[in-house]
Amino acid sequence: MISCYRISKRFHDHTVVRDLTFVAQTGEVLGFLGPNGAGKTTTMKMITGYLPPDTGEIEVCGLNVQAQPLAVKRCVGYLPEGAPGYGEMRVWDFLRFIGQMRGLRGSALQAGLERVVWLLDLEKVATQRIETLSKGFKRRVGLAQAVIHDPQVLILDEPTDGLDPNQKQQVRELITNMAQHKTIILSTHILEEVNAVCDRVIIIANGQLVARGTPHQLEMYSRYHRAVSFEADIPFTVLDQLKSLPCVLDVEYHARRKQITVIPTQGLYIFDEISHFLRQHDVVVRRLRMEAGRLDEVFRNLTGSQSTDVNQVVDETSRVNLGALR
Amino acid sequence: MSTVIGGIVRRELSAYFSTPIAWVFLIIFVFMTALMTFTLGDLFGRGQADLGPFFSLLPWLFMFFLPAVSMRLWAEERQTGNIELLLTLPVPPATIVIGKFLAAWAFVALALALTFPLWLTINYLGEPDNGKVLAAYLASWLMAGAMLAAGSLVSASTRNQVVAFVVTVFLLFLLLWPGMTAAELESSTSGFARFFTELASAVSFLSHFRRLADGIVNVADGLYFVGTIAIFLVATGLMLEWKKTHAL
């Protein structure tokens with residue numbers, strides 16, 4: 001378990017993390033979402049004990065990070081941003097070095113090495129120098145060093161950044177498989193990843209928490225939550241009629257794809273009403289479906305412009321959280 | 001803990017040898033020491049079977065060569081981002097600072113050992129005081145340690161190895177130079193000059209080294225270098241900690 005209570009961090013006169021509070025439970029994958037420079041990496045560095053927070057308390061596995069840094073580091077695996085590694089070392093030697101540094105000896109070390117090499121499919125490159133590897137393999141070596149001691153807590157800074165779709169899928173599967181018995185925090189700005197691997201998400205902007213919840217809960221903040229979309233050749237008069245329905249907030253029309261999206265007023269359930277309306281007007285419809293909400297839109301709204309409505313959303317989010325979450 | 005330090009030392013040493021750094025360094029260092037001993041030091045012309053010229057030139061050769069060994073210690077870690085990996089391992093930062101330093105020091109020990117042909121030469125030419133030669137080698141190695149520790153501090157303060165090199169050369173010059181002035185002022189009798197001479201010889205690497213290299217086995221001079229190593233290594237640790245927050 002990881003808990004951060006009101007942590008802040010300043011660099012020079014620039015506050016990078018501001019009064020951040022959150023908890024990640026065992027068996028949970030918590031996603032850090034936010035634009036570049038939002039404070040995700042700094043927060044991760046504080047959890048791993050690399051940086052001390054200026055104020056606030058961080059507990060990892062029931063241990064205070066500042067009071068017992070070594071004990072905390074022992075139970076944490078960390079994939080730093082960009083996943084470096086010593087380029088001139090061979091994969092096996094590098095992993096053995098990390099294993100030794102993490103206190104693995106003899107047969108335990110050998111077993112750990114064999115496990116991560118198998119887990120991350122590194123047999124083929126085990127004797128290659130890290131600098132000669134492709135980006136995908138380098139990232140896998142980075143992940144391998146992070147899990148060689150089978151840590152209770154995993155901190156992964158943009159684990160799929162720069163990987164091709166297949167590699168992304170592999171890494172996500174790996175994370176999901178490991179999640180059961182571990183606490184995992186990962187940062188990303190790829191929104192599809194959130195739905196794919198995260199149980200819960202916190203959105204950070206300018207070092208502040210702007211929203212938290214399950215991916216599904218966050219989608220509810222989208223104006224597209226419960227929106228009805230379909231493809232059809234639809235006369236503009238009918239479109240106008242559709243727009244004037246009381247339950248409809250707005251209608252978006254994508255000319256090239258002939259795709260229409262009907263946005264409900266205040267997240268109302270309008271699917272039945274819309275399909276009924278379309279049948280009434282003899283509109284031939286393809287791919288009629290209800291949207292769950294668009295995370296990218298929520299993300300942009302929450303992190304794009306820092307204004308008063310952001311704070312409002314936080315308040316709303318917190319209220320939802322108190323009810324629906326812990 | 002010893003396995004941890006051993007692991008760090010081994011990794012650092014293998015890093016030296018898996019890049020051309022080590023080989024280029026060793027070959028040119030050995031070549032330069034020999035060349036300068038015979039030309040500038042005029043080993044043959046002196047008509048004495050000792051390594052005096054070698055040991056009097058060595059501090060100045062060290063001034064240029066050792067920064068090349070120490071420059072990568074931390075600057076490279078910072079440049080590649082591996083510093084985060086290293087400092088989030090469950091190992092006290094002091095252990096890593098010491099491990100890296102020991103690797104560099106061991107490497108220089110090897111470089112010094114490879115100058116053995118000079119020692120063979122004087123033994124062939126005459127009958128040198130080999131005890132004195134050994135003491136001078138030990139003194140050189142001790143001074144190299146202090147220089148590398150200083151280089152480690154400079155390396156910890158930057159991510160640029162070239163900057164680390166240049167600044168370290170300058171710092172080593174500052175640490176050697178008062179010893180030269182001290183030698184010049186020795187003849188002077190004025191009170192101020194006396195005071196300055198003593199101060200200069202107290203702080204300079206050179207005066208401590210010269211006494212040790214002359215075979216005057218002096219605990220104070222030995223402790224001076226050991227203490228200097230300790231101070232610079234502690235400062236390296238503090239610099240690493242400070243840099244985390246004060247330079248992104």
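Q: Is A:R300 buried or exposed?
A: Exposed: in this predicted model, A:R300 has a relative accessible area of 52%. The label applies because exposed means over 50%.

Q: What does A:R300 form a salt bridge with?
A: The general idea is to look for a side-chain nitrogen of Lys or Arg within 4 Å of a carboxyl oxygen of Asp or Glu. Here A:R300 pairs with A:D296, and their closest N and O atoms are 3.9 Å apart. The two sit 4 residues apart in helix 11 of chain A, about one helical turn. A:D296 is partly exposed, at 33%.

Q: Which parts does the pair A:D54 and A:K9 tie together?
A: First the contact: these two form a salt bridge, with 3.4 Å between the closest N and O atoms. A:D54 lies in the loop between helix 1 and strand 4 of chain A, while A:K9 belongs to strand 1, so the pair ties together parts 45 residues apart in sequence. As for surroundings, A:K9 is buried at 1%, whereas A:D54 is partly exposed at 42%.

Q: And what does the pair A:E88 and B:R11 join?
A: Check the chain letters. A:E88 and B:R11 form a salt bridge, their closest N and O atoms being 3.2 Å apart. A:E88 is in the loop between strand 6 and helix 3 of chain A and B:R11 is in helix 1 of chain B, so this pair joins two chains. A:E88 is buried, at 15%, and B:R11 is buried too, at 3%.

Q: Which residues are linked with A:E88 and B:R11 in a network of salt bridges?
A: B:E12, B:R72, B:E76, B:E77 and B:K100.

Q: How many salt bridges are there over all chains?
A: The count comes to 24.

Note on methods: Residues numbered from 1 in each chain as written. Chains lettered and ligands numbered in written order. Predicted model: local features only at pLDDT ≥ 70, side-chain atom pairs only at ≥ 80, totals over all residues. Heavy atoms only, no water. Buried < 20%, exposed > 50% of the residue type's maximum accessible area, 1.4 Å probe, protein only.
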